[in-house]
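User: Please take a close look at one part of this model, and then set it beside the rest. Keep the account plain and say how each term is defined.

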There are 2 protein chains.
Amino acid sequence: MHPFDKALELEPAGDNRWRGRTIPEWANMVGPFGGITAATLVRAIELHPQRHGQPIALTVNYLAPIADGEFEIVTRAVKTNRSNQHWIVELGQDGDVKTTATAIFGLRRDTWADTEVAPPRVPAPDDIVASAPPFGVVWFDNYEMRFVDGAMPDGGEESGSSTTTLWVRNTPSRAMDFAALASVSDIFYPRVFLRRGQFVPAGTVSITTYFHADDEQLAAQGDDFVLATARAQRFSRGYFDQTAHLWGRDSALLATSHQIVYFKG
Amino acid sequence: MHPFDKALELEPAGDNRWRGRTIPEWANMVGPFGGITAATLVRAIELHPQRHGQPIALTVNYLAPIADGEFEIVTRAVKTNRSNQHWIVELGQDGDVKTTATAIFGLRRDTWADTEVAPPRVPAPDDIVASAPPFGVVWFDNYEMRFVDGAMPDGGEESGSSTTTLWVRNTPSRAMDFAALASVSDIFYPRVFLRRGQFVPAGTVSITTYFHADDEQLAAQGDDFVLATARAQRFSRGYFDQTAHLWGRDSALLATSHQIVYFKG
């Protein structure tokens with residue numbers, strides 16, 4: 001089984017409850033990679049028999065590190081409207097809540113449409129050398145990353161810009177879906193590393209992803225690269241924000257994603 | 001009492017519970033203005049005896065319109081860490097949940113700091129005529145709005161840009177605080193009106209605000225204007241996103257805010 005799908009394996013554990021477990025392939029410095037946790041919460045809702053529509057918005061809050069081992073997810077459909085549905089999700093271990101989330105799923109309908117922003121002009125992924133970030137952590141091995149700009153610093157040099165742009169895809173290859181898009185929304189190492197030119201303690205506190213693509217547009221991406229770009233806007237007194245865009249190779253804006261990150265130093 | 005503070009009056013109604021009520025001054029087309037609801041949820045947490053720190057991030061999900069009358073808010077501190085605290089909040093009426101939220105409060109500490117983005121270059125508020133948006137709704141009267149760009153259309157003309165920039169402050173005047181900043185984060189009429197040059201059915205589904213200013217920086221704003229600017233990035237199959245910046249007159253980036261909006265047409 002693909003390591004992404006293996007991480008998302010959940011068994012029903014009673015009404016609105018699901019049991020899963022961490023797997024070593026997704027280990028981050030402390031606990032699993034936040035993106036795989038976000039993806040697992042999307043999957044838990046997708047598995048729910050009352051699920052209505054496709055993911056529209058997801059906010060995931062990281063309360064405490066998930067320990068290696070089993071976890072339980074509680075999914076609660078708080079309100080189902082005709083065209084959308086609101087969820088509250090909690091992931092716990094031994095009675096301690098480790099992650100909370102709210103999600104909106106919805107039906108898509110044909111409307112007037114436009115994309116107002118454009119992807120950065122970048123070389124094709126085939127023209128860029130794949131690279132491993134210098135502070136290697138296990139989960140990086142699940143992604144092929146080809147950095148256009150703002151690769152992780154390893155020389156101690158500060159940068160005036162927090163922008164990172166990379167082509168990224170699962171390795172081994174795997175078709176894009178909502179869970180995979182939720183995961184790749186959190187692909188960026190902390191922006192403060194880039195600005196400061198070094199590792200400093202930092203971690204995502206909350207991430208919000210808006211899914212602009214519907215299931216058909218996502219399926220059309222196949223297992224191709226996604227162009228992921230992110231920057232911070234303000235670093236202030238222990239927190240900074242990050243705003244990100246995820247583009248298909250066909251220039252479709254698949255998702256926009258925002259997060260607030262704790263840092264020291 | 002100031003209409004903003006009147007809307008935020010809450011009485012304790014048991015452990016973790018607060019009772020409030022809608023007031024006519026904040027009426028929107030259906031139910032109250034979403035910003036005042038967000039502010040009320042911030043206030044409910046601020047009143048909680050276990051509250052730890054200042055607002056860092058807030059996500060508010062609008063499940064169903066709040067009816068005129070009383071409501072009950074349940075505030076649950078899911079996890080209190082040394083430096084931050086995670087909340088789940090629900091607002092209900094007669095057992096129906098109308099609004100959910102997650103919030104992160106935290107302690108601020110001195111760190112390296114920088115703002116990477118700059119405010120748009122605009123005339124001072126004194127050089128702009130105050131205007132009332134053409135489709136008048138009651139809550140607009142609580143704000144003085146001076147539009148620099150992208151005022152609400154009233155002539156049926158489409159626009160190629162969804163950007164609106166305005167100077168805004170409470171009327172009557174009132175000092176800035178976290179609740180007021182949460183409210184003004186939702187000040188923008190739906191971006192699709194501007195693009196389409198007309199009213200179409202639309203409503204915020206979920207808004208996330210990151211508070212970059214701490215309490216001292218907010219207090220320093222006094223009752224001055226805030227420069228608020230917002231744009232959409234993609235409109236697609238019934239939903240669009242909006243990304244916003246809230247600047248002090250001193251060019252401090254007070255907050256960044258993002259929302260996903262339902263629309264028809």
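Analyst: The part chosen is helix α2 of chain B, followed by its counterpart in chain A, chain A as a whole and a few local features.

This is a predicted model, in which local features need pLDDT of at least 70 and side-chain atom pairs count only at pLDDT 80 or more, while totals for chains, interfaces and linings use all residues. Residues are numbered from 1 along each chain as its sequence is written, chains are lettered from A and ligands numbered from 1 in the order in which they are written, and side-chain values use heavy atoms, with hydrogens and water left out.

Helices (H or I, at least four residues) and strands (E, at least two) are DSSP runs, numbered from the N terminus. α2(B) has 14 residues and spans 20 Å from its first C-alpha to its last, close to the 20 Å expected at 1.5 Å a residue. That expected span is 1.5 Å times one less than the number of residues.

Buried means under 20% relative accessible area, exposed over 50% and partly exposed in between, with a 1.4 Å probe and protein chains only. Because 12 of its 14 residues are buried, α2(B) is largely enclosed by the rest of the structure. The buried residues include Gly34(B), Ile36(B), Leu41(B), Arg43(B) and Ile45(B). An α-helix has 3.6 residues a turn, so residues three or four places apart point the same way.

Val42(B) sits in this helix, which covers residues 34-47, and has a relative accessible area of 1%, so Val42(B) is buried. Contact means heavy atoms within 4.5 Å. Beyond neighbours within four places in sequence, Val42(B) touches Pro55(B), Leu58(B), Phe105(B), Phe178(B), Ala179(B) and Ala182(B). Leu246(B) is 204 residues away from Val42(B) along the chain, and their C-alpha atoms are separated by 18 Å.

The counterpart in chain A, α2 (residues 34-47), also has 14 residues and reaches 20 Å. Of these residues, 13 are buried, so α2(A) is largely enclosed by the rest of the structure.

Chain A as a whole has 5 helices and 14 strands. With 265 residues, a compact globule would have a radius of gyration near 18 Å, and chain A agrees at 18 Å; the radius is taken over C-alpha atoms, and the globule rule is 2.2 Å times the number of residues to the power 0.38. Buried residues make up 61% of the chain. Of contacts in chain A between residues at least 6 apart in sequence, 69% join residues at least 24 apart.

One place where the chains touch is Thr111(B), in the loop between β6 (96-106) and β7 (114-115) of chain B. Outside its neighbours within four places in sequence, Thr111(B) is in contact with Ser236(A), Arg237(A), Gly238(A), Phe263(A), Lys264(A) and Gly265(A). At a relative accessible area of 18%, Thr111(B) is buried.

Some backbone details remain. A cis peptide bond joins Thr171(B) and Pro172(B), with omega about -5 degrees, and Pro172(B) lies in the loop between β9 (164-170) and α3 (178-184) of chain B. Asn16(B) is not a glycine, yet has a positive phi of about 65 degrees. Asn16(B) lies in the loop between β1 (11-12) and β2 (17-21) of chain B and is partly exposed at 33% relative accessibility.
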